[in-house]
Amino acid sequence: MSATPQPAKMKKDESFLGKLGGTLVRKKKSKEVSDLHEEGKNAINAPMLPTGTEIHPEDTLMEENAERIMLDPTSRENLKFKDLLKVLIDWINSELEEDRIIVKDLEEDCYDGQVLQKLFEKLSGRKLNVAEVTQSEIGQKQKLQTVLESVNEMLQPHGWTIEWNVDSIHSKNLVAIVYLLVALAMHFQAPIRLPEHVSAQVVVVKKREGILQTALVTKELTSTTEMMMGRFERDAFDTLLDHAPDKLNVVKTSLITFVNKHLNKLNLEVTELESQFADGVYLILLMGLLEDYFVPLFNFFLTPESFEQKVHNVAFAFELMQDGGLKKPKARPEDVVNLNLKSTLRVLYNLFTNYKNSE
């Protein structure tokens with residue numbers, strides 16, 4: 001009789017484990033059903049979503065009629081778009097060098113309003129009444145509100161379409177940030193050349209009757225240089241090339257005479273402006289002669305072969321010009337390397353204006 005309780009005890013244990021196992025299985029299946037339901041809901045809600053774009057959890061919690069804009073991943077990898085980002089970052093860092101501010105990523109460095117505040121103050125010469133450093137989201141948005149109100153007050157009378165707001169900037173919407181920076185660069189005649197015809201595709205997510213609707217929209221960020229510069233006062237070279245091409249040779253001859261007066265000291269001679277300054281070597285040597293110093297050869301490529309090496313040389317020549325007290329050239333180094341005559345003429349004419357009486 002003593003042996004009879006053991007099977008009963010084992011049966012009781014098996015029954016307990018079975019119940020526990022059954023509970024776990026039911027929970028697992030319940031979770032699978034829940035996940036499947038969520039997956040199905042997303043599939044219904046976002047049938048038009050481009051490949052590679054993710055709907056984040058906060059998107060499903062959007063209020064009715066709300067809208068969210070996200071950059072399509074393919075646009076982020078576009079070379080012209082990357083070039084535009086680099087030009088804008090380099091420009092900001094150049095403007096804010098004295099403030100010891102270094103921007104590396106537009107989304108991460110511009111969303112809280114600190115960089116935008118300093119940039120606007122530097123460009124406009126106006127001091128904004130905002131807290132210097134704000135860590136809280138409320139404080140950051142208050143600062144952004146003040147900065148953007150000042151920006152909009154300045155830009156709107158000149159016909160600018162405002163493609164940004166506090167929420168889009170603070171949510172790190174890169175397209176809105178780029179729109180804002182391009183507008184500031186163009187309005188304040190930044191000494192940079194924005195790449196032409198840059199556009200980006202964005203995914204627009206809207207919530208209508210509880211359902212997420214998506215659409216792919218193309219946003220034009222820059223147009224042609226002529227159209228973008230059309231907001232500015234055209235300079236003498238625009239007029240010269242467009243309306244008086246017969247006088248172009250006279251200008252080119254004057255500039256060639258000027259540069260050879262100095263380059264001849266090194267037994268060098270220029271006969272063609274477009275091509276002979278494109279690798280940056282003559283520009284660097286010319287700056288050394290004009291400022292009366294020797295440029296160490298390890299600072300540049302004496303016989304550049306690649307496009308990157310030539311751009312390095314021209315950019316270095318631009319740095320020497322700024323060290324000599326000249327304004328940063330409006331041309332981009334890439335424009336000079338690409339044999340853009342107007343850009344090369346602007347750079348050389350700037351040297352001629354400042355050093356024409358140098359011996």
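Select valine 202 to begin, and look across to valine 217 in strand 3, which stands opposite valine 202. Keep in mind throughout the tour that this is a predicted model.

**The strands**

Now extend the selection to residues 199–208, which make up strand 2, and to residues 211–220, which make up strand 3; these two strands pair in the antiparallel sense, over 10 bridges. Further along the same pairing, select lysine 206, and you will find glutamine 213 of strand 3 standing opposite lysine 206. If you follow the chain from strand 2 into strand 3, you pass through a hairpin that has two residues between the strands, and glutamate 209, which is in this turn, has a positive phi of about 55°.

Next, add residues 67–71, which form strand 1, and you will see that strand 1 and strand 2 run antiparallel and are joined by five bridges. Here lysine 206 appears again, since this residue of strand 2 is the bridge partner of glutamate 67.

Before leaving the strands, select isoleucine 211, which lies in strand 3 and has a relative accessible area of 38%, so that isoleucine 211 is partly exposed. If you also select asparagine 65, you can compare two kinds of separation, because the two residues are 146 residues apart in sequence, while their C-alpha atoms are 9.8 Å apart in space.

**The salt bridges**

How many salt bridges does the structure hold? There are nine salt bridges, and the next stops visit some of them.

Select glutamate 77 and lysine 82 together, and look for the closest N and O atoms of this salt bridge, which are 3.2 Å apart. Lysine 82 has a relative accessibility of 40%, and therefore counts as partly exposed.

Move on to glutamate 108 and lysine 172, whose side chains meet in a salt bridge with an N to O distance of 2.9 Å. Glutamate 108 belongs to helix 5 (residues 106–110), whereas lysine 172 is in the loop between helix 8 (166–170) and helix 9 (174–187), so this pair ties together parts that are 64 residues apart in sequence. Both ends can be checked for exposure: glutamate 108 is partly exposed, at 43% relative accessibility, and lysine 172 is also partly exposed, with a relative accessible area of 28%.

Another pair to select is glutamate 274 and lysine 252, whose side chains meet in a salt bridge at 3.2 Å, N to O. This pair links distant parts of the chain, because glutamate 274 is in helix 13 (residues 273–276) and lysine 252 is in helix 12 (residues 248–263), 22 residues apart. Is lysine 252 buried or exposed? Its relative accessibility is 16%, so lysine 252 counts as buried, given that buried means under 20% relative accessible area.

To finish this part, select Glu137, Lys141 and Asp167 at once, since these residues are linked in a network of salt bridges.

**The surface patches**

Switch to a surface view and select Glu291, Asp292, Glu319 and Asp323, which form a negative surface patch. Within this patch, aspartate 292 is found in the loop between helix 14 (281–291) and helix 15 (307–323), and with a relative accessibility of 71% aspartate 292 counts as exposed.

Then select Phe294, Leu297 and Leu302, which make a nonpolar surface patch of about 340 Å². One of these residues, leucine 302, is placed in the loop between helix 14 and helix 15, and at 46% relative accessibility leucine 302 counts as partly exposed.

**Positive phi in two loops**

For the last stops, return to the backbone and select asparagine 267, which is not a glycine and yet has a positive phi of about 60°. You will find asparagine 267 in the loop between helix 12 and helix 13, where asparagine 267 counts as exposed, at 74% relative accessibility.

Finally, select leucine 339, a residue other than glycine whose phi is also positive, near 65°. The loop that holds leucine 339 runs between helix 16 (333–337) and helix 17 (341–355), and leucine 339 is partly exposed there, with a relative accessible area of 47%.

Note on methods: Residues are numbered from 1 along each chain as its sequence is written. This is a predicted model: local features need pLDDT of at least 70, side-chain atom pairs count only at pLDDT 80 or more; totals for chains, interfaces and linings use all residues. Side-chain values use heavy atoms; hydrogens and water are left out. Two strands pair if DSSP finds at least two bridges between them. Helices (H or I, at least four residues) and strands (E, at least two) are DSSP runs, numbered from the N terminus. Patches are made of residues with over 30% relative accessible area and no salt bridge: like charges are joined within 9 Å, nonpolar side chains (Val, Leu, Ile, Met, Phe, Trp, Tyr) within 5 Å. Accessible areas come from the Shrake-Rupley method with a 1.4 Å probe; for residues, only the protein chains shown count as cover. A salt bridge is a side-chain nitrogen of Lys or Arg within 4 Å of a carboxyl oxygen of Asp or Glu. Lys and Arg count as positive and Asp and Glu as negative; His and the chain ends are not counted. The place of a charge is taken as NZ of Lys, CZ of Arg, CG of Asp or CD of Glu. Buried means under 20% relative accessible area, exposed over 50%, partly exposed in between (1.4 Å probe, protein chains only).
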